[in-house]
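Student: I should like to understand how charged side chains pair in this protein. Could we work through the structure together?

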Amino acid sequence: NGDYWITSQQTVSIQLGNYKINSNEGKSEAGTGYFKKQIPGDQVAPYMGNIEVILQENSDATVNRQPSISTPSWGAVYWRYFEDFDRITTAKTELSISKNLYVEKNSDKGPALAAVSKTTVLKPGDKLKMRIVIKTDRELEYVHLKDMRAACLEPVDVLSGYRWQDGLGFYQTTQDASTSFFFDRLPKGTFVLEYPVFVTTSGIYSNGISFLECMYAPEFSAHSEGIRLTVESK
């Protein structure tokens, strides 16, 4: 009494404005019918944002004398290009993430934090605090957070291990240019993660972005904006 999804023969026509793609024009994966079409950047035009998908099923396809049936189809359209990290703007879905840097300074009332902006001038030896704010409107499992950092920043905690912060349990590991956080479970709500770094060398750097993604449901993802850091020599 099942449906014959695998053996059903279908032709999918995708209309990107005036640009047309047919699934039967090239090779497709056996069984699933998966195919991929790459369009060079110099051929991409604004009118391609108007997308229409037409599903055509062959009427003569039969399996065990059963007529062909409608089967589900799905796909994705994405635009890939290169950009400087400090020019990237925030993107979010049901997940959202923001990242801020703070300079830790001593005051008569103890350590005080001052926000780092594009006009802030840092110096080697300054201690910074990386603060990441995560917001989610639902409970998620197996979430990966990759926090990129500037080449002039060195984390204080370089040992990998399981951590607990702001009601979240996660495994933290430090790489050369980023720190990764792995969450088995991310409850609904707002969470703040912090870790300290030191400024090491002078120059102008891109601090990178923080990228958050549900590993088994990548449609739930978000990333923070980029920022440029200026470090003057002492």
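**Salt bridges in the model**

Tutor: The structure holds 9 salt bridges. Please bear in mind that this is a predicted model.

Student: Which parts of the chain does the salt bridge between Arg138 and Glu94 tie together?

Tutor: In this salt bridge, the closest N and O atoms of Arg138 and Glu94 are 4.0 Å apart. The two residues are 44 residues apart in sequence, so the pair ties together separate parts of the chain. Glu94 lies in the loop between strand S5 (66-67) and strand S6 (95-107), and Arg138 in the loop between strand S9 (127-136) and strand S10 (140-148).

Student: Which residue is linked with Glu94 and Arg138 in a network of salt bridges?

Tutor: Arg138 is partly exposed at 33% relative accessibility, and Glu94 is partly exposed at 35%. The residue that is linked with them in the network is Asp137.

Student: Is Asp147, which forms a salt bridge with Lys99, buried or exposed?

Tutor: The closest N and O atoms of Lys99 and Asp147 are 2.9 Å apart. The pair links strand S6, which holds Lys99, to strand S10, which holds Asp147. Buried means under 20% relative accessible area. Asp147 has 0% relative accessibility, and therefore it counts as buried.

Student: How many residues apart in sequence are Glu104 and Lys127?

Tutor: The side chains of Glu104 and Lys127 meet in a salt bridge of 3.9 Å, N to O. Glu104 lies in strand S6 and Lys127 in strand S9, so the pair ties together parts whose separation in sequence is 23 residues.

Key:
Residues are numbered from 1 along each chain as its sequence is written. This is a predicted model: local features need pLDDT of at least 70, side-chain atom pairs count only at pLDDT 80 or more; totals for chains, interfaces and linings use all residues. Side-chain values use heavy atoms; hydrogens and water are left out. Helices (H or I, at least four residues) and strands (E, at least two) are DSSP runs, numbered from the N terminus. Buried means under 20% relative accessible area, exposed over 50%, partly exposed in between (1.4 Å probe, protein chains only).
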